[in-house]
Amino acid sequence: MAEKKTTVISDEERQRQSGFCRQIAQLNSRNNNGRQMLAFVDTYGCQQNEADSERLRGWLREMGYAFTRQEEQADLILLNTCAVREHAEDRVFGNVGALVHVKRRHPGQIICLCGCMMQQPQVAERIRKTYRHVDLVFGPHALWRFPELLWRVLERRLRVVDIEDEPGSICEGIPQVRQSSVKAWVSIMYGCNNFCSYCIVPYVRGRERSRRPEDILREIEALAEQGCREITLLGQNVNSYGRDLSQDVDFPWLLEQINAVEGDFLIRFMTSHPKDATEHMFDVMADCRKVAPAIHLPFQAGNDRVLKMMNRGYTSEEYLDKIRALRERIPDVALTSDVIVGFPGETTAEFEDTLELIRRVEFDALFTFIYSPRQGTPAASMEDPVPMEEKKENFQRLLQVQNEISKKKHLDYVGKTLDCLVDGEGQDPRNNLTARTPGNRLVHLNGDKDMIGQTVPLRITGATTWALFGEPAPRP
């Protein structure tokens, strides 16, 4: 991929997209006798996709759409897709295939597919040829032009596919419909420059590009004024923030600036690449009162040969050194990580190094995956003589080791009282609310719904491998 320059979208171009929103609202109102149009938006994959969907909903609201969770009720269906693993793609293809029956019952329905999966030319071509009921396909680079693309579909009744290999852009001021008033995602940068050999993200999301700090701070100040209690900063590698800007700024500096914003809120961030996680960042985390004592620091594999083949840029011992430095500053830090089992050529003997690293670190939780080849990445063409059955056995061993660690760590919480943010409703009537510890551990509790949005002391009464149980406790 050739070196490319980031495009900053002008206010005039953004206003032009708002003009398409108004035209769509007028067209829909005229064609449907003023009836309220409904949109169904479904999101696959990571938190960055969730943040993108909030902006897509913002555009749709400007177009006059309200929202539904029922595909049958929707005038427009939008699926925001993920390309990181094959399983996610299979789910999308299955769900898109099923929509042919929904559209047959509702011929005027518009079906749109977007996100990372659509930025892959072979996927877009498969959609174009096989799924004729899909009206609009576009990738992450074209998100800011969604109103214009949809206008072309509605006005001309044409299928539109827009997956041009652009360098990526930054467009400020896109309206948002956030899923929660208590918690918010804030993207501080987009894209990735790391090119890990197994990862498709740099190919579909483009090069790293940082938002200007003044734009980020303005968004966070507005959220704080609205009473938002938890703000998660997003980037494929937040530790790289600012490297592409002309200003002398970096991620620790940004954390300090956000920490100084007035308001009662907690700062989280993800994801951090270990090779760029510095002791200076750990110092800032320890010093900033609003920064949560938690970090997601993916190590992916514990064997140095495998890490080199993955193009991760660090050794297992270097990773362990960073964990030691972090815990010296924040002894009770909550650590989570990602692990890939069965990278091409990884032997069971090499996998033992991964288990050893997990035992040494004792993560609070792991997000674990069996390697999934992604077309176009270097790893997809590597020789892989290890049988899938052996990979699955190793995967189960990893789960057993980590589950024992997670359960032990959770049991250590029992009897303690922690200040937790009550963030929503639970699904079990016996524990009708959910909360999060400062370290982001899930707590189930029973209480009044008025508690949602409040930080309250909870006495931890029980624990499982995956969650804690608590009850409101008096403040000391």
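This short talk walks through the aromatic rings in this structure and the charges that sit over some of them.

Okay, before we start: what you see here is a predicted model. So how many aromatic pairs turn up when the whole structure is searched? The search gives 10.

Let's look at one of those pairs, Phe195 and Tyr203. Their rings meet edge-to-face, with 85° between the planes and 5.3 Å from centre to centre. Are these residues buried or exposed? Phe195 is partly exposed, because its relative accessibility is 22% and buried means under 20%. Tyr203 is partly exposed too, at 27%.

Now a second pair, Tyr319 with Phe363. Here the arrangement is tilted: the planes are 45° apart, and the centres are 6.5 Å apart. Where do the two residues sit in the chain? Tyr319 belongs to helix H11, residues 316-329. Phe363 is in the loop between helix H12 (348-361) and strand S16 (365-370). That's 44 residues apart, so this pair links distant parts of the chain.

And how accessible are they? Tyr319 is buried, at 1% relative accessibility. Phe363 is buried as well, with a relative accessible area of 0%.

These two also have company. Ring pairs join Tyr319 and Phe363 with Phe299 and Tyr314 in a cluster.

Last topic: charges over rings. Which residue lies over the face of Phe93? That's Arg126, at 3.6 Å from the ring centre. Then there's Trp144, which has Arg145 over its face, 5.9 Å from the ring centre.

That's my tour, so go find these rings in the model!

Technical notes: Residues numbered from 1 in each chain as written. Predicted model: local features only at pLDDT ≥ 70, side-chain atom pairs only at ≥ 80, totals over all residues. Heavy atoms only, no water. Phe/Tyr/Trp six-rings, centres within 6.5 Å; stacked < 30°, edge-to-face > 60°. Buried < 20%, exposed > 50% of the residue type's maximum accessible area, 1.4 Å probe, protein only. Helix = DSSP H or I, 4+ residues; strand = E, 2+ residues; numbered from the N terminus. Lys NZ or Arg CZ within 6 Å of the ring centre and 35° of its normal.
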